[in-house]
Protein chains: 2
Amino acid sequence: MENDLKQAKALFFDYFGTVVDWLSPIANALVENAPAGCDVDWKEFAFKWRSSFFTVAPTLGDGNSVTFEEVQRRCLLESSSNNQWGWSEDQINNLVQSWVLVVPWEDSALGLRKLRQKYICSTLSNGSTRLLVDASKRQNMEWDMFFASDLLQGYKPAPEVYQRAMKVLRLDPHECIMVAAHAYDLKAAAALGMKTIYIPRATEDLGVNLDEYRFDKTISSGGLMGLASVLID
Amino acid sequence: MENDLKQAKALFFDYFGTVVDWLSPIANALVENAPAGCDVDWKEFAFKWRSSFFTVAPTLGDGNSVTFEEVQRRCLLESSSNNQWGWSEDQINNLVQSWVLVVPWEDSALGLRKLRQKYICSTLSNGSTRLLVDASKRQNMEWDMFFASDLLQGYKPAPEVYQRAMKVLRLDPHECIMVAAHAYDLKAAAALGMKTIYIPRATEDLGVNLDEYRFDKTISSGGLMGLASVLID
């Protein structure tokens, strides 16, 4: 199977959680925008906000025009029982925009650079194009392409989203590897014939029973550097 | 006006002719694929092929799904009076694919690197996404984003093509500069409220009367490095 994987032409990366750590910057942003006198575990709330995205995104499915930022806003309000702490409009906007502050895991920048020497490396993310461009620019992360929910007109795991990305790059599913820290994402990709590589991350798939899933490969350590070792070395 | 230009957030670049030289690699590809005993000035033919693209693309307009490669194929056959020299199917495919061999003008790589420090720099090209990704990858040219005719579902100068690119990046026209070696392209961008910068190139706009056009700025020398001097230094 590893030879099969090595023969792929493109790697599609889930972004939030897989390539970047969202938890620290989002928890920080929550602390900075905390309404006065508020006694909340903001790290715990960050997980709640993030989890609600995973509940909402699959219901959006294909062909919608709800932006990533609108989804984040809805999830923020829902997770806080309709803004129970009284965030101002500015604070809500700050929080939604704070997703641009995500930071690459320590293996991401170097791993991506190695992988790009051999493969087309693109995001395939539920984020927005502008957010991915801005976040990568801030961090000097270079990609071959960005595919995002607005460009692909839908949210993972809708199959059309993966299919449109492959069509634009003129690739067949067997030439493509989906790389993610989320089992649901890889399951959707595998159903279309894409190859799948799972990268466990400390913040992702908490409470998911991985025994229920099969991936072509799991990178047990080293993140994107570990991935580069498997695919290139 | 230069202060206005400096305040832009994104630069959209026409690709073929403006950022890269297509003439040498295409003329070479024609020589390499010349049917035996064929006495043709291939450089002259390369111009003929390229010119026919400019005749055909505007007729394709908005919302079509004709690929860049299909257009190039049609133009190649038309320009050669329906393949008068008897190219094989393989040779025709080679020639259409040879557009990936374009080479950056000597100022392009360094100029782009400088400009990206301050601006979002994206292609806005009638090429295909895959071709732009592959060509840039071959040449180690790093972009913030690729917008191409397949992603934008149409061909310049259809206004919707420029509008979709701006919408995806969430930018208003006055925040965007279109950079091109083609007056028709800048005219279409200006009509939408985008700012315009003209970069003359030896292979482009031959026979075009520039007195009939107005641009916000013309970079009289230095190409993308000259552009960086105007916008950054």
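**View 1. The loop around P157(B) in this predicted model.** Let us begin in chain B, where P157(B) sits in the loop that runs between β5 and α8 (159–168). The peptide bond that joins K156(B) to P157(B) is cis, with an omega of about 10°.

**View 2. The matching proline, P157(A), in chain A.** Here, too, a cis peptide bond is found, this time joining K156(A) and P157(A), and its omega is about 5°. In chain A, the loop that holds P157(A) lies between α8 (149–152) and α9.

**View 3. N140(B) and its positive phi.** Staying with loops, we return to chain B, where N140(B) is found between α7 and β5. Its phi is near 50°, a positive value in a residue that is not glycine.

**View 4. Where chain B meets chain A.** Welcome to the contact between the two chains: 23 residues of chain B touch 23 residues of chain A. About 2,100 Å² is buried between chain B and chain A, and carbon and sulfur atoms give 55% of that area. On the side of chain B, the residues that lose the most area to chain A are R130(B), K137(B) and R170(B), which together make up 30% of what that side buries.

**View 5. Salt bridges and polar contacts between the chains.** Across the interface of chain B and chain A there are 6 salt bridges. One pair to look for is E69(A) with R170(B), whose closest N and O atoms are 2.8 Å apart in their salt bridge. Between chain B and chain A, 12 residue pairs are in polar contact. On the side of chain B that touches chain A, α7 (129–138) and β5 (145–147) each supply at least two residues. The largest share comes from α7(B), with 5 residues. Sorted by class, this side of chain B has 11 nonpolar, 3 polar and 9 charged residues.

**View 6. How the two copies are related.** A rotation of 180°, with 0.0 Å of shift along its axis, superposes chain B on chain A with an RMSD of 0.0 Å. This is the relation of a two-fold axis. Of the interface residues of chain B, 100% are also interface residues in chain A, so the copies meet through the same surface.

**View 7. The two domains of chain A.** Now we look within one chain: the domain assignment of chain A gives domain 1 (2–21 + 102–231) and domain 2 (23–100). Their centres, taken over C-alpha atoms, are 24 Å apart. Domain 1 brings 25 residues to the contact and domain 2 brings 22 residues. Together the two domains of chain A bury about 1,800 Å² between them, with 61% of it on carbon and sulfur atoms. In domain 1, V102(A), L131(A) and Y155(A) lose the most area to domain 2, together 34% of what that side buries.

**View 8. Details of the domain contact in chain A.** The interface of domain 1 and domain 2 of chain A has 2 salt bridges. You can also find a salt bridge between the side chains of R164(A) and D62(A), at 2.9 Å from N to O. Between these domains of chain A, 10 residue pairs are in polar contact. The elements giving two or more residues to the side of domain 1 that touches domain 2 are α7 (129–138) and α9 (159–168) of chain A. Of these, α7(A) gives the most, with 4 residues. By class, this side of domain 1 of chain A has 10 nonpolar, 8 polar and 7 charged residues.

Terms used
Residues are numbered from 1 along each chain as its sequence is written. Chains are lettered from A and ligands numbered from 1 in the order in which they are written. This is a predicted model: local features need pLDDT of at least 70, side-chain atom pairs count only at pLDDT 80 or more; totals for chains, interfaces and linings use all residues. Side-chain values use heavy atoms; hydrogens and water are left out. Contact means heavy atoms within 4.5 Å. Buried area is the accessible area (1.4 Å probe) that two parts lose on being put together, summed over both. A salt bridge is a side-chain nitrogen of Lys or Arg within 4 Å of a carboxyl oxygen of Asp or Glu. A polar contact is a pair of N or O atoms within 3.5 Å; within protein, one must be able to donate a hydrogen and the other to accept it, and residues adjacent in sequence count only if both atoms are side-chain atoms. Ala, Val, Leu, Ile, Met, Phe, Trp, Tyr, Cys and Pro count as nonpolar, Asp, Glu, Lys and Arg as charged, and the others, Gly among them, as polar. Copies are superposed by least squares on the C-alpha atoms of residues with pLDDT of at least 70 in both. Domain bounds come from an automatic or database domain assignment.
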